[in-house]
Amino acid sequence: MKRKSDSSIKTLSPKDGSKNSKGIRTRLSTGTLFMSGTSTISFAEAQESSSSAHSSSVESEAMTVSKQKETTPPSAHKRKLAENKDVGEFSTEPPKRRKIGRNDGTGEDNRNDYFCWICHKDGLVICCELCPRVFHAKCLSIENNVPQDWVCPECEKIMQAECTDTRSKTMSLISVSTLCTLLRYALDRMRTVGSDTFEHPLDPALFPNYSDYIFHPMSLSVLEKNIKKKNYGCTEAFLADAKWIHHNSVVYNGAQNKVTTIARAVLKVCKHEMSEIEVCPDCYYNSCVQSDSDWFCEPCRNPHPLVWAKLKGYPFWPAKALRESNDQVDVRFFGAHDRSWVPVSSCFMLSKVCPVVVKKGRGGMAEAMREVEVHIKKLREKLGTFEYAPFQTPYKSDAVYSKLKSSSGGTSDGSKHAGHGKIGKTK
């Protein structure tokens, strides 16, 4: 997420001047983000449940609103109805901008977007302290008033993902430079579905009213510039910027427009690629580079358990087990390099003999076993040892391969500790 140039956004100090404020440490050059004095969505929800005087204030406000309705002229009522209309279609004459949040209504020096980040419609909104996004209280399921220095859910996810204490295991393994390398490959795959539609920002000369609706333009070329500048410290930050493409298209073109359909496809690819990076950055890098025909055989810095996995209608097949969720194992098969979620009950740890005899002449099995042998050879070179599991050993999610320690305290290959941060082919 690209942060504002305002220095007050880089460092949010507590209003009460407390010296015991706990900062969220990030690895980017944007400074330290302090949570003291800044409220997250979780805090707002907790404040809603704990407020005891809320019911009385709501009643008084309801009475005030009812009195205002009685004195509201018909013209004002019509304006309110016009403000609540869907923005799926726009007239040639853009409406006058209203004063929304911290915007002054003139269209100049505004600090926030004009449309809700969730429903993409206008109206009375809550402004985020760190980014231009705005939200309807109803879309956030918040009834209480939130503090002025409130942080939106998107920024909250980014802060947690970049914080050294709460970031994911993957983000702790790779450096920012390595992450940006992976993001460039993800951007290339996003371009395959985006064509040239979102490659560059729209020309103001061709779309003079575009800025009347779009506050924060975004394109694939802008994402590429941010990657080169190393503005992203986590996958969540890149995904949050990519979401602007879809949000802007819904606002300007409408939710059912063909252009928005392409934007939705671009965002879908982005979400998938970010998920793949989080699962295993090494596997993702190898699949993008494919330096040789045995790219699938390259071991990761944290080697994945090898299993026999069975899909319905197919025999047991050798595969890598990347993760487990809801009694399902995410496996990547040797040979064809297919992927699938397989029940835990249909997985066995890799043994020398297949759990069930496979008919001779089964297409692809010979190539799959060849890749398994190459992979195991590389594992032994990297770890110093590899042992097959006993016959029909049930799958264990905690099966971890580790380097064989030598008597000198280093690993079997003579290295002391494997460094982290860089991705490349195992030598």
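## Sheet, helices and cores in a predicted model

K310 has F316 of strand 6 as its bridge partner. This pair introduces a structure that is a predicted model, and the report moves outward from the sheet to the helices and cores.

Strand 5 (residues 306-310) and strand 6 (residues 316-325) run antiparallel and are joined by five bridges. They belong to an open sheet of five strands, ordered 8-7-6-5-9 with antiparallel pairing. Strand 8 and strand 9 (347-349) each have a single partner strand, so these two stand at the edges and one side of each lacks a neighbour in the sheet. On average, and with direction ignored, neighbouring strands of the sheet are turned by 45 degrees against each other.

Helix 10 packs on this sheet, where it touches strand 6, strand 7 and strand 8, and its direction makes about 95 degrees with that of strand 6. Helix 12 (residues 365-383) lies across strand 5 and strand 6 and runs at about 55 degrees to strand 6.

Helix 10 (258-279) can be described further. At 1.5 Å a residue, its 22 residues should span 32 Å, and this agrees with the 32 Å between its end C-alpha atoms. N257 caps the N-terminal end of helix 10, with a side-chain oxygen 2.8 Å from the backbone nitrogen of V259. The buried residues of helix 10 include A263, V266, L267, V269, C270, M274 and I277, and also T260, E273 and E276.

In soluble globular proteins, nonpolar side chains tend to be buried together. The largest nonpolar core here has 49 residues, of which L183, M190, L220, L223, F238 and M274 touch the most other members. At least two residues of this core come from each of helix 5 (153-162), helix 7 (176-194), helix 8 (220-228), helix 9 (235-253), helix 10 and helix 11 (281-289). Helix 7 provides the largest share, eight residues. With residues up to four places away in sequence not counted, M190 touches L220, L223, F238, A242, V266, V269 and C270. A second, separate core holds 29 residues, including M365, A368, I376 and F386.

Helix 8 also contains S221. This serine counts as buried because its relative accessibility is 10%, below the 20% limit for that class. The side chains of S221 and S219 are joined by a polar contact of 3.0 Å. Apart from neighbours within four places in sequence, S221 is in contact with R191, E199, H200 and P201.

Two loop residues deserve a separate note for their backbone geometry. Most residues other than glycine have a negative phi. S141, although not a glycine, has a positive phi of about 60 degrees, and H337, also a residue other than glycine, has a positive phi near 65 degrees. S141 is placed in the loop between strand 4 (134-135) and helix 5, whereas H337 lies in the loop between strand 7 (328-333) and strand 8 (339-343).

The relative accessibility of three residues discussed above is listed here.

| Residue | Relative accessibility | Class and citation |
|---|---|---|
| S141 | 55% | exposed |
| H337 | 26% | partly exposed |
| S221 | 10% | buried |

S141 counts as exposed because its relative accessibility is 55%, over the 50% limit. H337, at 26%, is partly exposed.

Conventions
Residues numbered from 1 in each chain as written. Predicted model: local features only at pLDDT ≥ 70, side-chain atom pairs only at ≥ 80, totals over all residues. Heavy atoms only, no water. Core = buried A, V, L, I, M, F, W, Y, C linked by side-chain atoms within 4.5 Å. Buried < 20%, exposed > 50% of the residue type's maximum accessible area, 1.4 Å probe, protein only. Helix = DSSP H or I, 4+ residues; strand = E, 2+ residues; numbered from the N terminus. Contact = heavy atoms within 4.5 Å. Expected span 1.5 Å × (residues − 1). Polar contact = N/O pair within 3.5 Å; in protein donor to acceptor, adjacent residues only side chain to side chain. Pairing = 2+ DSSP bridges. Axes fitted to C-alpha atoms, helices over the stretch in contact; angles between N-to-C directions.
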